[in-house]
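Student: I'm new to this structure and would like to look closely at one part of it. Could you pick a region, take me through it slowly, and then show me what lies around it?

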Amino acid sequence: MLKQKLADLFIEPGCATNRAKSDSGRKAGCGKSLQPGAAAGGCAFDGAKIALQPITDAAHLVHGPIACEGNSWDSRHSASSGPQLYRTGFTTDLGEMEVIHGGERKLYRAIRAIAERYRPPAIFVYQTCVTAMIGDDVAKVCAVAAEKLGLPVIPVLAPGFVGSKNFGNKLAGETLLDHVIGTIEPETTTPTDFNLLGEYNVAGELWQVTPLFERLGLRLLASVSGDARYRQVAAAHRARVNMVVCSQALITLARKMEERYGIPYFEGSFYGIAETGSSLRQLARLLTERGAAADLPARTEALIAEEEARAALRLAPYKARLTGQRVLLYTGGVKSWSVVTALQELGMEVVSTSVRKSTEEDRARIKERMGEDAPMVETIAPREMYRMLKDGEADMLMSGGRTQFVALKARVPWLDINQERHAAYAGYDGMVALAAEIARSLDNPVWAQVRRPAPWEAGHGTC
Amino acid sequence: MGHAEVRAVKPVTINPLKMSAPLGGALAFMGLDRCLPLLHGAQGCTAFGLVLMVRHFREAIPFQTTALNEVQTILGGTDNLEQAILTIHGRAKPAVIGICSTGLVETRGEDIPGDLRLIRARHPELAGTALVFAPTPDFIGGLEQGWSRAVTAMIETLAEPALRCEPDRVNLLAGCQLTPGDIEELRELAEAFGLRLTVLPDLSGSLDGHVPEQYIATTFGGTTVEDIAGLGRARWTLAVGEHMRAPAEALEKRTGVPFVLFDRLTGLEPCDRLVTALAAISDAPVPARVRRQRSQLVDAMLDGHFHFGGRKIALAGEPDLLVALTCWFREMGAEIQVAVAPTASPALAALSGVAVTVGDLDDLERAAAGADLLVSHSHGRQAAARLGVPLFHAGFPQFDRLGAAHRRSVGYRGTRDLIFEIGNILMEQDDHAPAQAC
């Protein structure tokens, strides 16, 4: 069953990467195979958990030895406006005897213990490498538990060895399609109901855009899955439009929801002034096509005009400071172009952007924004990145936590733009926050101090 | 001896306290110079551990993975191990590749030592690179066991018997409860007696947060391969923590160097034992500055005891850390409300009369209501917030604190600092007493 699922995902027609491949290329599978000794990044289990854990009122139980949950729990900043159960770490913490004799009984007892003590609306059960290998029938245990205990118990079959983090995101989408979406009817529906797919409310980013929706009278039926409640996700099939926020990961979910429920989708971003406006426009247009009030596009234009004017006023002082500053952007996927736009709007120069996890469409979007000779790179070896920064080829690095110290050890400012970050940069308010953060980082007085060699080394220091 | 250890009997671990054994093994390898730790498993095994270490030490962490996929999981990971070693050797030229197994390869039952022999035979170009393998299945033990197995593997692979002993040379086998700051403290103490200390593994060389002048793809600093080879020249080995007993025995067996085990080095009496031992080994009087440090600790105990007496403390941590802190809190007059260890250990026998649970942070939280202070790694923060009790961070990981590597709680000065740090937290509680509301 898992095997078929993997094969289906490899030939996903909604995925731009797949569309660009030959038939045989598609069958060969997603992504490059990982190079032992030079691979970086999370596994499929990690990806599945990232995508589902923001469902805040559900319990998330990891079936495996301690590493999978013990080394990873409560480490992301996907915020909740209410329930906190999603931040509780649950694991069967399998020992040697269970690896030998099987962990199904323990899994069932764990599910029952959680159901009895916490009474959550649902329990997600994550299979891991070891429990997949020893042949625990996680799906069966979940089915039995669901029936006996009277609550949804959802198997997430994404053991780490099946692929990358991104692939795990996709498997999470499949899980929602198979077990969650469409299982509950919403109490009411409106012509302006829509879903966000792939928005995880990192550092509260969702809340930077929800006021915009509210002012337009749009109802966010389900967020998949930032600050979500289980019942909202289960009723997501009644939305009129889906917006896919993180382009690659949940595209299959969007396409299958279109197939199954007739919900049209588009890909957009809330990073930057132009992208935010364009996303709101598309959302309004599609909703109007599906029965929302005819004046919605006009009202949306008015809102965009007002917000853009307000943002321009607030951004002006930062723009004066940031114009001409050079950024090395090291991220991937949707952020490789959406953040480019945001930085260009601040007058900054993007020295280089990495396209590690980007699709052909992502690349096309970069070219739209930076011209045909856009400085796209696949990966930059840390040693090279260190050299670029040390030699002053960029004024700062924007990336995720794992390259942080390449910049800091080169004594160059660094800003976190990946999902472990604590600051929110979405929508108009987020753009102002981003500008302020970049300026604060560049202007910090420590840079001049730490670059100055010790007095007794003056004359042959490197700075 | 009333040893009241209780194992939590519940089918689900809630809010894990335990870290995995491969993570402990890889952390130990971080204490070797020009080393690259390699986890043999799926890439997530490495990614999770790496993120934790980056956030704890705030340093680049050069972990690698053999990145097994589903085919290799079924057919065997030998080729991936070989490729990973060759790639790492080609790119980073490390002096040591420290290989830790994971639940994935141990479930399949791979013969990794056999694989390594074959890889060596096929690739003479690897002659200058030490390959050290530590068996660390995720489903056996936790951080301490992984660390202990890795240190034992370093000794068994690299230590050599010596023809002659150098009388001023002493080995320190450092347990994972010791921070880089702790190791620096112990080194200074030994050097005060004119002794030369070789520390294994030495996180104070690699993870003490310094800024090198060039990019380095491996660890920079730590115990060298030559240091390990020369462990046999020492007169004595000092081992810190019960989980260092196995490595100390392995070293004694291999090189004949006898060892003294210190279950802990926090508190006046354990420090006195260490200083007495150093004086005996060096055959030197206790230097004036060490006497002065002892006097400062005594004074800190006098000043601080008011704030500890009768206070209720709830602790959770790896066994040897737990033993060190629990014993010390009792010696300061505090009451132990509950002590939780993630795994069983013979070390816990030292906690007679204390309610010890082998369990998780949920067990801590449920038993800690009404306590004056919680002690655990960063994951205790949710429990502390729910209970409204202050949290003192101790152990690994501390991802929401700066300077975790430099915190020091051993030796006279480390214990003195700990009294001040925790005493201040407890004193703040006093000031918030309702009677003094202004």
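Tutor: Let's start where the two chains meet, follow a sheet and a core from there, and end with some unusual backbone spots.

A word on reading the model comes before that. The model is predicted, so local features need pLDDT of at least 70 and side-chain atom pairs count only at pLDDT 80 or more, while totals for chains, interfaces and linings use all residues. Residues are numbered from 1 along each chain as its sequence is written, and chains are lettered from A and ligands numbered from 1 in the order in which they are written.

Chain A and chain B each bring 55 residues to their contact (C-beta atoms, placed from the backbone, within 7 Å). On the chain A side, the elements giving two or more residues include α4, α5 (66-70), β2, α6 (96-101) and α7 (104-118). Helices here are DSSP runs of H or I with at least four residues, and strands are runs of E with at least two, numbered from the N terminus. The biggest contributor on that side is α7(A), with five residues. Sorted by class, the chain A side holds 27 nonpolar, 17 polar and eleven charged residues (Ala, Val, Leu, Ile, Met, Phe, Trp, Tyr, Cys and Pro count as nonpolar, Asp, Glu, Lys and Arg as charged, and the others, Gly among them, as polar).

Now zoom in on one residue, A:P36. A:P36 sits in the loop between α3 (23-27) and α4 of chain A. Beyond its neighbours within four places in sequence, A:P36 is in contact with B:T66, B:A67, B:N80, B:Q83, B:A84 and B:T87. A:P36 counts as buried because 27 C-beta neighbours lie inside 10 Å. The cut-offs are 20 or more other C-beta atoms within 10 Å for buried, 12 or fewer for exposed, and partly exposed in between, with C-beta atoms placed from the backbone.

A sheet also links the two chains. Five strands make up this open, mixed sheet, in the order β4(A)-β3(A)-β1(A)-β2(A)-β2(B); strands pair if DSSP finds at least two bridges between them. The edges are β4 (153-156) of chain A and β2 (13-14) of chain B, each with a single partner strand, so one side of each has no neighbour in the sheet. The step from one chain to the other is made by β2 (residues 90-91) of chain A, which pairs with β2(B) in the antiparallel sense over two bridges. Within that pair, A:F90 is placed opposite B:I14. Helix α4 (residues 44-52) of chain A lies across β1 (59-63), β3 (123-127) and β4 of chain A, running at about 165° to β3(A). Axes are lines fitted to C-alpha atoms, for helices over the stretch in contact, and angles run from 0 to 180 degrees between N-to-C directions.

What about the core? The largest nonpolar core has 277 residues, and A:L61, A:I111, A:I123, A:V125 and A:V233 touch the most other members. Such a core is a set of buried Ala, Val, Leu, Ile, Met, Phe, Trp, Tyr and Cys residues joined through C-beta atoms within 7 Å. Helix α2 (residues 43-57) of chain B supplies its largest share, nine residues. Setting aside neighbours within four places in sequence, the contacts of A:I123 include A:A58, A:L61, A:I111, A:L151 and A:V153.

Elsewhere in chain A, helix α11 (residues 206-216) and helix α20 (residues 427-443) cross at roughly 145°, and their axes come within 7 Å. A:Q208, A:V209 and A:L212 of α11(A) meet A:G427, A:D429 and A:G430 of α20(A). This contact has two nonpolar, three polar and one charged residues.

Last come the backbone surprises. Most residues other than glycine have a negative phi, and most peptide bonds are trans. A:N201, in the loop between β5 (193-199) and α11 of chain A, has a positive phi of about 55° although it is not a glycine. A:N201 is also buried, because 25 C-beta neighbours lie inside 10 Å. B:R34 has a positive phi too, about 50°, and its place is the loop between α1 (21-29) and β3 (35-40) of chain B. As for cis peptide bonds, one joins A:V224 and A:S225 with omega about 5°, and A:S225 belongs to strand β6 (residues 219-225) of chain A. Another runs from B:L200 to B:P201, with omega near -15°; B:P201 is in the loop between β8 (196-200) and α9 (203-206) of chain B.

Technical notes. Two residues are in contact if their C-beta atoms, placed from the backbone, lie within 7 Å.
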